[in-house]
Amino acid sequence: MLKPFLHRGNGEIPQEYIAALDLGTNTCRLLVAAKTPDGPQVVDSFVRVIRLGEKLATRGHISEEAMARALPALSICAKKLKEYSLVGKRYITTEVCREASNRDAFLDLIRQRTGLELEVISTAEEARLAIIGCADLLDTSTRYAIAFDIGGGSTEVMWIELFPQKPPEIIQWTSLPLGVVTIAETLRNESSPLDFLKKVRKTVAEEMKIFCDKAYIYPQLRQQNIQLIGTSGTITTLAALHMNLDRYDRTQVNGLHLTHEAIKRTVASLYAMTPERQLLHPCIGPARAGLVMGGVAIFEGIYDIFPVNPVRVADRGLREGILLDLMR
């Protein structure tokens, strides 16, 4: 389990550190943690929305404008990383670089400008790290779990078996080439955004039916032997809206249980919001205003097939999974 932020200068910081960098389709994220007997303790972090995957769906490559947003963020990360004696590190990138035709040139540019060596991970590895990151929020009194991670460029859904005193194991997983950024890109050119979101929901639900059959999940669903956990900006935004927070607070959101009624009510309120109101909402704002509805449509498609009550919310991501993996 990741410990809370520990301020430097109190004489308690060990000398060994590990670091995780995740360059995603929408956001650049960094965590640096001290190695302690109790696990990784976060000492430094960085998050910036860069929308690296902007126009990727239509052009097939990372644009010059997107690169210009990413490189300064990565330079800040590189500068922060130089402050620590790292004994373990992993810097990854996901769907945006799996798909971009110019990814090799972009990764070379990152190396030249920042000195950072980024690894393009597979969808299977992305799923594995997501589960490691939120494992401590899973209740082992239930035999199985479904976890979903709605990213900027793809969505991973995992069917997991849980064991007491043992890490969870992924039985089956699937990755959909749909994420909040790719949907937002397409949505701009749609004459009827609502109809398009319904189409996304239906497409995701159809894929989940196929996944359900393949992994033989229905018997466990009927026996209510499954828990559902979401780790993404979409589900954490829904949680913050449900709680009516004045500003987003991960300490209140992480681990929250969202009931079926809370989900239904919160999703309805989002559909009723104008784009302007979303932009001004303190738990959505400019960073997520154009992305949240695509994420909601994906979530609805998943929830149509897996209507588990309640849904556990995880404010965790690949960075946390990497740190815990490095500690192992």
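Asn 244 sits in the loop between helix H9 (233-242) and helix H10 (250-253), where helices (H or I, at least four residues) and strands (E, at least two) are DSSP runs numbered from the N terminus. The model is a predicted one, with local features needing pLDDT of at least 70, side-chain atom pairs counting only at pLDDT 80 or more, and totals for chains, interfaces and linings using all residues. Residues are numbered from 1 along each chain as its sequence is written, and side-chain values use heavy atoms, with hydrogens and water left out.

Back to that loop: the phi of Asn 244 is near 55 degrees, a positive value in a residue other than glycine. Most residues other than glycine have a negative phi, and most peptide bonds are trans. With 61% relative accessibility, Asn 244 counts as exposed; here buried means under 20% relative accessible area, exposed over 50%, and partly exposed in between (1.4 Å probe, protein chains only). Gln 165 tells a similar story, with a positive phi of about 60 degrees although it is not a glycine. Gln 165 belongs to the loop between E7 and E8 and, at 84% relative accessibility, is exposed. The backbone also has a cis peptide bond, from Asn 309 to Pro 310, with omega near 0 degrees. Pro 310 is part of the loop between H14 and strand E11 (311-313).

Strand E1 (residues 17-23) is well wrapped up: 7 of its 7 residues are buried, so the strand is largely enclosed by the rest of the structure. In a regular strand the side chains alternate between the two faces of the sheet. For E1 both faces are covered, with Tyr 17, Ala 19, Leu 21 and Leu 23 buried on one side and Ile 18, Ala 20 and Asp 22 buried on the other. Pairing (at least two DSSP bridges between two strands) links E1 to strand E2 (residues 27-36) in the antiparallel sense, over 7 bridges. A hairpin of 3 residues makes the connection from E1 to E2, and Leu 21 faces Leu 30 of E2. E1 also pairs with strand E4 (residues 86-93), this time in the parallel sense and over 7 bridges. Leu 23 has Thr 93 as its bridge partner in E4.

Elsewhere, 6 strands form an open sheet with mixed pairing, in the order E8-E7-E6-E9-E11-E10. E8 and strand E10 (257-258) take the edges with a single partner strand each, so one side of each has no neighbour in the sheet. E7 and E8 run antiparallel and are joined by 8 bridges; Glu 156, for one, has Ser 175 of E8 as its bridge partner.

Helix H7 (residues 193-215) has 23 residues and reaches 33 Å from its first C-alpha to its last, close to the 33 Å expected at 1.5 Å a residue, the expected span being 1.5 Å times one less than the number of residues. Its buried residues are Phe 196, Leu 197, Val 200, Val 204, Ala 205, Met 208, Phe 211, Cys 212 and Ala 215. The elements covering them, by contact (heavy atoms within 4.5 Å), include strand E7 (155-163), strand E8 (166-176), helix H6 (180-187), helix H8 (218-222), helix H11 (260-272) and helix H14 (292-305). Just after H7, Tyr 216 adopts a positive phi of about 55 degrees. In another helix, H5 (residues 123-134), Ala 124 is partly exposed at 32% relative accessibility.

As for empty space, on a 1 Å grid over the protein atoms alone, a cavity is a set of points where a 1.4 Å probe fits but cannot get out, a pocket is an open set with protein on both sides within 12 Å along at least five of seven lines, and lining residues have an atom within 4 Å of a point. Grid points are joined across faces, edges and corners, and a volume is the space filled by probe spheres set on the points. The structure has 1 cavity of 30 Å³ or more, and the largest cavity holds about 30 Å³. Its lining is made up of Arg 51, Glu 54, Val 181, Ala 184, Glu 185, Arg 188 and Leu 291.

The second largest pocket encloses about 290 Å³. Of its 19 lining residues, Thr 274, Pro 275, Gln 278, Ala 289 and Met 293 come closest to the centre. H6, H11, helix H12 (275-280) and H14 are the elements that give two or more residues to this lining.
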